[in-house]
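Please open the model in your viewer, with both chains shown and the residue numbering switched on. The tour below moves from one selection to the next and says what is to be found at each stop.

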Amino acid sequence: MKKKSIWAIVVIVVIIAAIFVYYVTRPPKIARPIKVGIIDCYSGPAAVFGNDALNGFKLALNEINKEGVLGSKIEFMTRDTKFKVDIGLSMAKELVMRENVDILAGTINSGVALAVSDYVRGEKVPFFVWISKTEQITKEKGHRYAFSTGENTYMAGKAGAVALAKKPYIKYWIAGDDYSYGHDIGNAAWRNLKQLKPEVEKIGESWWKVGEPDLIPYITAIVTAKPDAVIFCTGGASMTNVLKAIKATGMAEKVPIWIHTATDHTVLKPLGPGAPEGVMGTMDYHFYYPDTPANKAFVKAFQDAYGVPPGFPALHGYITAHFIAEGFKKAGSRNIEKFIDAIEGLSIDSPVGKIEMRACDHQATLPMYLGVTKKVPQYDFLISTDIITMTGAEILPTCEEVRKAREK
Amino acid sequence: MFNLSALGAQFLVGLSRAMILFIVCSGMSFVLGVLRVPNVAHGSLYMIGAFSAFSISSLFGGSSAGFWLALIIAPLIVALVSLIAERALFCHLYEREHLMLLLFTFALMLILGDLVKLTWGADYRSIMAPPFLRGSVPVFGSSFPRYNLFLLVIGPLVAISLYFFTNKTKMGKIARAAAVDREMVGAVGINVSWVFAVAFVIGCYLAGLGGALVAPTVSITLGMDHDIIIEAFLIVTIGGLGNMWGALVGSLIFGLTQAFGVLFWPQFAIVFPYAAVVIILIWRPTGMLKAVW
């Protein structure tokens, strides 16, 4: 009996000692890293943009994590939305609820972006939209937790309108992909053009289904109608089909054409010399423009890391990471509300110059470059030339417009 | 606006689109007729044809020779892929019901789609036609792409070859017989399994040929399988299931209604081919020509 109780005491003492030793010798608690959850499309045709944005983000994190943020690091994890709204939304929920991410970022799909934006509003998790071009994110459906580090249909349409209003064209034809992006670009361009130059006239419209492989019938029908200029509203794989059809029919020699992102190198590069010359395009980033040391350094670092020059999503991913890092540094705290207060009106240096996160709508003030496609000896694909830069302030809606749109 | 020259140009444009559709759909209809397999993965083989054409063409630095070789070799690559799929998978499943086969080919479509992504990546690809097929020529006062003229030549060539194959060769005759009554073909001592394999490979070869032919006019990208497969099913249905000439009729209806729809009512051009499908199916529920089912 006695022996047993001695043994019991010994066991208890050993256990207590072990617990004590564990608590004394365990490694010191370090600050939990800032976790960014990324939901984007990494499968299907849109994957090329998702990966580009992610690479830009990773490149920035490598720079940021060298010195750290608030004594910690920024970590990220990715989830594939497969370009589907329901999957994107459930991935966002999973990241917020199970992984406890501090911030969400991503997505090319506007449907996913709007659904997740709606969700984070209730969860009070900041969400940075970096590719989706729907203006609703920061305009009518904007809120305290939604941010956009990319350009949108409003900026694109207004940039096109500002450029076209200076030309002598009166009769316009609008054609494009029959989905929200196509119509948004078309509407934004037309609304702004009509405002800047009331005498313009729309003589016709044609809309084809997304991914329509054969656009020649559309092109020949448009040329038959003899408009002064044509606005094409297209993107992604359809853009290549449009440019091929323009080239095959020689349309660019007969009618002036403006297409947002026609000057994007991810579009022009695969086409090589098969792309049409003389097409007007707008773009918020070119790896060869602006020709500044900041952009050159960014392009070199990106090229060294991933073997290809950065596209526009890479720039958006890159500035997103810097906005997050600078926001936390300025806030001096991990508190999300303080972070949002800090990031509102914050300006950062980027490869395309100073970019501000507007306080009134959480839209990054990216510039827009208008150029014309042209063959040049330096590259084996066409590039944008005769570039005119429009600043973010010129092409963004005013804060008053945003306020009115949100009241509706 | 609707003058005769515009109509003429639009007719030719629609006709050239119909040629591509015909080449792809005739293969699908052939497989459907002989094997009774509704092959959802047909679109994936079309996509593989386009991607293979890109690889071969870029192997030759995008030269003319590369394009012609791509046109010859890419469909053969697709034929090889389909032969492997047939011998390894399909040949064990012919006795299953259609629903099972539909699900199986759907699964195959997803697998092939991912294999394409693993092999070629997610980037957009593009190839160029040889110089004499680039640019346009004036036809009826509007400019008509030369490549589409080329398609107008190739389409009938394929149709004639198919006619000779099915009517003049022993293999073709057996395949046609198997489409009507496969038990009887087996009963007279013909190895039905190999007839099926050959028919399947020929059908898939046509998918690959369609993919290689379309490659210079579009962006070669993931997702082009989905774009074509729905149209292909509709065309095969309105033409008459399993009837290759039905595929031709269906393709012409689809291509031409689209081209004229664009001219007359551009905002709603998308609707026209589908409206035509609805009208035809109400008028003739089994399709324009005799279905073999």
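Two residues are taken to be in contact when their C-beta atoms, placed from the backbone, lie within 7 Å. Please also keep in mind throughout that this is a predicted model.

**The contact between the chains**

Begin with both chains and select the residues at which they meet: 34 residues come from chain A and 38 residues from chain B. On the side of chain A that touches chain B, at least two residues each are supplied by α2 (47-67), β7 (201-208), α7 (216-224), α8 (236-249) and α10 (265-271) of chain A. Which element gives the most to this side of chain A? Colour α7(A), whose seven residues are the highest contribution. If you then colour the side of chain A that touches chain B by residue class, you should find 16 nonpolar, 13 polar and five charged residues.

**Chain A as a whole**

Hide chain B for a moment and look at chain A in cartoon form, where the secondary structure comes to 15 helices and 14 strands. Along the principal axes, the C-alpha atoms of chain A fill a box of roughly 110 × 50 × 40 Å. Of the 408 residues in chain A, 54% are buried, and among the contacts in chain A with a separation of 6 or more, 69% are between residues 24 or more positions apart.

**Four stops in chain A**

Bring chain B back and select Ser43(A), which sits in the loop between β1 (34-40) and α2 of chain A. Is Ser43(A) exposed or partly exposed? It has 16 C-beta neighbours inside 10 Å and therefore counts as partly exposed. Apart from residues up to four places away in sequence, Ser43(A) touches Asp80(A), Lys82(A) and, in the other chain, Lys117(B). A distance drawn between the C-alpha atoms of Ser43(A) and Asp80(A) should read 7.2 Å, although these residues are 37 residues apart along the chain.

Next select Tyr119(A), which lies in helix α4 (residues 110-123) of chain A. Because 19 C-beta neighbours lie inside 10 Å and a buried residue needs 20 or more, Tyr119(A) counts as partly exposed. Leaving aside neighbours within four places in sequence, the contacts of Tyr119(A) are Leu89(A), Ala92(A) and Lys93(A). Tyr119(A) and Lys93(A) are 26 residues apart in sequence, and their C-alpha atoms are 8.1 Å apart in space.

Two backbone details in chain A can be visited after this. Lys226(A), in the loop between α7 and β8 (229-233) of chain A, has a positive phi of about 50° although it is not a glycine. With 12 C-beta neighbours inside 10 Å, Lys226(A) counts as exposed, since the limit for that class is 12 or fewer. Then show the peptide bond from Tyr289(A) to Pro290(A), which is cis, with omega near 0°; Pro290(A) is found in the loop between β10 (280-283) and α11 (293-306) of chain A.

**Helices of chain B**

Move to chain B and select Arg36(B), in the loop between α1 (4-35) and α2 of chain B. Arg36(B) is not a glycine, yet its phi is positive, at about 60°, and it is partly exposed, with 18 other C-beta atoms within 10 Å.

Now select helix α2 (residues 42-59) and helix α8 (residues 192-214) of chain B, whose axes come within 7 Å and cross at roughly 50°. The two helices, α2(B) and α8(B), are therefore oblique to each other, and their crossing is right-handed. Residues that make the contact include His42(B), Tyr46(B) and Gly49(B) of α2(B), together with Cys204(B), Gly208(B) and Val214(B) of α8(B). By class, the contact of α2(B) with α8(B) has eleven nonpolar, five polar and no charged residues.

For a second pair, select helix α9 (residues 224-239) and helix α10 (residues 244-264) of chain B, whose axes come within 7 Å and cross at roughly 120°. The crossing of α9(B) and α10(B) is right-handed. Among the residues in contact are Glu231(B) and Ile235(B) of α9(B) and Gly250(B) and Phe254(B) of α10(B). The contact of α9(B) with α10(B) has seven nonpolar, four polar and one charged residues.

End the tour at helix α5 (residues 146-168) of chain B, where 23 residues reach 33 Å from the first C-alpha to the last, close to the 33 Å expected at 1.5 Å a residue. Which residues of α5(B) are buried? They are Tyr147(B), Asn148(B), Leu151(B), Gly155(B), Leu162(B) and Thr166(B).

Note on methods:
Residues are numbered from 1 along each chain as its sequence is written. Chains are lettered from A and ligands numbered from 1 in the order in which they are written. This is a predicted model: local features need pLDDT of at least 70, side-chain atom pairs count only at pLDDT 80 or more; totals for chains, interfaces and linings use all residues. Ala, Val, Leu, Ile, Met, Phe, Trp, Tyr, Cys and Pro count as nonpolar, Asp, Glu, Lys and Arg as charged, and the others, Gly among them, as polar. The expected span of a helix is 1.5 Å times one less than its number of residues. Axes are lines fitted to C-alpha atoms, for helices over the stretch in contact, and angles run from 0 to 180 degrees between N-to-C directions. Angles under 35 degrees count as roughly parallel, over 145 as roughly antiparallel, 65 to 115 as roughly perpendicular and the rest as oblique. A crossing is left-handed if the near helix is turned anticlockwise from the far one by less than a right angle, and right-handed if clockwise.
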